[in-house]
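Welcome! Have a look at the structure below, and then work through the exercises at your own pace.

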Amino acid sequence: MVNDPSQTDPEATASRPSRDDLAEDRLFLPRAGSPPVEWIVTDGHVAYPDAVAAMEERVARIAAGEAAECVWLLEHPPLYTAGTSAVAADLLEPERFPVYATGRGGEYTYHGPGQRVAYVMLDLARRRQDLRAYVAALEAWVIATLWAHHVRGERREDRVGVWVRRPEKPEIAPGVPAEDKIAAIGIRVRRWVTFHGISLNVEPDLSHFGGIVPCGIRGHGVTSLVDLGLPVTMSDVDVVMKREFERIFGPTVAVFAP
């Protein structure tokens, strides 16, 4: 999620376009002559504080014109993060895993092995200075990645992230079909440079989400590509993510992690 003042302004809410409308123009390309986005994949599990410190340093350099934009793909050890809108009651098992307060928008989120985290550090001053359109572009990226795996991901106007319908599950209310969340989105922006990003469930231990109310949304479950019956690996997903990212955000160049 990203903090959006218009959410508390009824007139702004009534007049602003939906994320579906914004996604119709889903391209978020840089201005001509910009260098490619550096694409970095780190093996193993990266400690959350180390990842945040690295993002902070990279974002400062991007804002100063000293570094290229980048996407950093990684996995974390099991942990929970609390966004700027997190409610204490949504942390159901505070002793289960480490909990980190974070400056991104949103509420409680789980990260852990089997989940592909993509930290996206882009300079919106080179692209479009429109945060809602940026979130819609991130959602479009995830939806395209899922579609390439024959999974229909969908956005919901009242809940950020990407959702999958589960008609084989009981309805959550009469006439309301079950839906599970497969990807979360939470961003932060400093001097028009983005950081944090998305997390896509490939094959995490879904029971680990039981220690929180994910993103503060009750009544819905979580799923993953493997849970949906797809025998994919993280490397398989990475290839598709890179291809679909380039279609929306422009060219990338692979950079080996230090």
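Here are four exercises on this predicted model, each with a worked solution.

**Exercise 1. Work out what span helix H5 should have, and compare it with the distance between its end C-alpha atoms.**

Step 1: H5 runs over residues 234–249, which gives 16 residues.
Step 2: The rule takes 1.5 Å times one less than the number of residues, so the expected span is 22 Å.
Step 3: The end C-alpha atoms lie 21 Å apart, which agrees with that span.
Step 4: Now look just past the helix, where Gly250 takes a positive phi of about 105°.

**Exercise 2. Find the buried residues of H5 and some of the elements that cover them.**

Step 1: Buried means under 20% relative accessible area.
Step 2: The residues of H5 that meet this are Met234, Val237, Asp238, Val240, Met241, Glu244, Phe245, Ile248 and Phe249.
Step 3: Their cover includes helix H4 (131–148) as well as several strands, among them E1 (37–45), E2 (70–75) and E12 (252–256).

**Exercise 3. Describe the largest cavity and its lining.**

Step 1: Three cavities of 30 Å³ or more are counted, and the largest has a volume of about 170 Å³.
Step 2: Its lining is made of 20 residues, with Arg104, Thr109, Ile185, Gly186 and Gly197 nearest the centre.
Step 3: Strands E5 (108–111), E6, E9 (179–190) and E10 each give two or more residues to this lining.
Step 4: Sorted by class, the lining of the largest cavity has nine nonpolar, eight polar and three charged residues.

**Exercise 4. Take the salt bridges Glu179–Arg156 and Arg166–Asp227, and decide whether each partner is buried or partly exposed.**

Step 1: Recall that side chains of opposite charge can pair when their charged atoms come close.
Step 2: Glu179 and Arg156 meet at 2.5 Å, N to O. This pair links strand E9 with strand E7 (residues 154–156), and its partners are 23 residues apart.
Step 3: Glu179 has a relative accessible area of 7%, so Glu179 is buried. Arg156 is buried too, at 15%.
Step 4: Arg166 and Asp227 meet at 3.4 Å, N to O. Both sit in loops, Arg166 between strands E8 (159–165) and E9, Asp227 between strand E11 (221–222) and H5, 61 residues apart.
Step 5: Arg166 counts as buried at 8% relative accessibility, whereas Asp227, at 37%, counts as partly exposed.
Step 6: To finish, follow the shared partners: Arg152, Glu154, Arg156, Arg159, Arg165 and Glu179 are joined into one network.

Notes. Residues are numbered from 1 along each chain as its sequence is written. This is a predicted model: local features need pLDDT of at least 70, side-chain atom pairs count only at pLDDT 80 or more; totals for chains, interfaces and linings use all residues. Side-chain values use heavy atoms; hydrogens and water are left out. Helices (H or I, at least four residues) and strands (E, at least two) are DSSP runs, numbered from the N terminus. Buried means under 20% relative accessible area, exposed over 50%, partly exposed in between (1.4 Å probe, protein chains only). Contact means heavy atoms within 4.5 Å. On a 1 Å grid over the protein atoms alone, a cavity is a set of points where a 1.4 Å probe fits but cannot get out, and a pocket is an open set with protein on both sides within 12 Å along at least five of seven lines; lining residues have an atom within 4 Å of a point. Grid points are joined across faces, edges and corners, and a volume is the space filled by probe spheres set on the points. Ala, Val, Leu, Ile, Met, Phe, Trp, Tyr, Cys and Pro count as nonpolar, Asp, Glu, Lys and Arg as charged, and the others, Gly among them, as polar. A salt bridge is a side-chain nitrogen of Lys or Arg within 4 Å of a carboxyl oxygen of Asp or Glu.
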